[in-house]
Amino acid sequence: MGLLLQPVPSDDDFKELIECEWAAYETPFNGFKEIYCPTLGTGPNAREDSMKECTERQLADHKGDATSHWFKAVDSESGRIVGGAQWNIYRENPYVDGINHIEATWWPEGEGRKFASMAMDQWFGPRGKRMNKPHVSSIEQLANPFAVLAICFVHPAHRRRGAGSLLLNWGIQKADELDLETFIEAARPGIPLYAHHGFKEVEEYWIDPKVDEPSEEWKQLKERIPPIPWTFMWRPKQGVYEEGKTSMP
């Protein structure tokens, strides 16, 4: 059985794509899924309803973002989606003025939204610092382009078949074609794959929302979503890195 790389062409594909995303982030557990695509409620349809909301939101974000490129890894025999990735190709740097606050409006108002919003700001925080160095932008050319692998996942039943590399290679080839640097915010399980493809570890940071006097609900959220280690990774233009010569972001 082989794998095929295909763009995600239709709304119908997104339902199966996000089903795969949830399966990937639930095995092993990835706390960021509970921030960005939480299961809200306790009824028998809570998971189904939450997945529907997540699917519609990610589809709307994709359609409204000209930089967004979604791809799927498809099993050639069954035709099923076994992995997916969202690449952003930025022709101009969107972080010249730093990172705007991200309000997690998909959570109901209250402690959950406050917790998730703080987590989103922590997740995106390094972009404002690392993607605004002189090697990315300058006074003469305020916003040089670059590529970002925003999301990448493989269904747990189809790992170690090459789907991750297949999804990575599209963006790497596009970045090299356009002579771009490339960035990833990586969960720990993905670091070896990204390193194999020429990405360097720049900074480890944690998604760990804190308040001075946490309520009982906040404490429950901390138990549900423990601190998440994240690693900011970078691949230089054309993948060429010379120790002591190439400037890290």
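This passage walks through the fold of a single chain, from its overall dimensions to its sheet, its helices and one buried residue.

The model described here is predicted. A good place to start is the chain as a whole. Its secondary structure comes to 7 helices and 7 strands, and reading along the sequence gives the pattern β-α-α-α-β-β-α-β-α-β-α-β-α-β. The C-alpha atoms fill a box of roughly 55 × 50 × 30 Å along the principal axes. For a compact globule of 249 residues, a radius of gyration near 18 Å would be expected; the value for the chain is 18 Å, so the two agree. Buried residues account for 48% of the 249 residues. Contacts also reach across the sequence: of those between residues at least 6 apart, 74% join residues at least 24 apart.

The strands can be considered next. An open sheet of 7 strands is found, with the order 1-2-3-4-5-7-6 and mixed pairing. Strand 1 (3-7) and strand 6 (200-207) stand at the edges of this sheet; each has a single partner strand, so one side of each is left without a neighbour in the sheet. From one strand to the next, the twist averages 25 degrees. Within the sheet, strand 5 (residues 182-186) and strand 7 (residues 228-235) run antiparallel and are joined by 5 bridges. Here Ala-186 stands opposite Thr-231 in strand 7.

Helix 5 (residues 163-178) packs on the sheet. The strands touched by helix 5 are strand 1, strand 2 (68-75), strand 3 (81-90), strand 4 (146-154), strand 5 and strand 7. The direction of helix 5 makes about 20 degrees with that of strand 3.

Helix 4 (residues 111-130) invites a check of its length. At 1.5 Å a residue, its 20 residues should span 28 Å, and the end C-alpha atoms lie 30 Å apart, which agrees. Helix 4 also bends, by about 35 degrees at Phe-124, and a proline, Pro-126, follows within four residues.

A closer look at one residue completes the picture. Thr-55 is placed in helix 3 (residues 46-63). Its relative accessibility is 12%, and because buried means under 20%, Thr-55 counts as buried. Leaving aside residues up to four places away in sequence, Thr-55 touches Phe-14, Lys-15 and Ile-18. An α-helix has 3.6 residues a turn, so residues three or four places apart point the same way.

Key: Residues numbered from 1 in each chain as written. Predicted model: local features only at pLDDT ≥ 70, side-chain atom pairs only at ≥ 80, totals over all residues. Heavy atoms only, no water. Helix = DSSP H or I, 4+ residues; strand = E, 2+ residues; numbered from the N terminus. Expected span 1.5 Å × (residues − 1). Bend = angle between axes of the 7 residues up to and from the residue. Pairing = 2+ DSSP bridges. Axes fitted to C-alpha atoms, helices over the stretch in contact; angles between N-to-C directions. Contact = heavy atoms within 4.5 Å. Rg over C-alpha atoms; globule rule 2.2 N^0.38 Å. Buried < 20%, exposed > 50% of the residue type's maximum accessible area, 1.4 Å probe, protein only.
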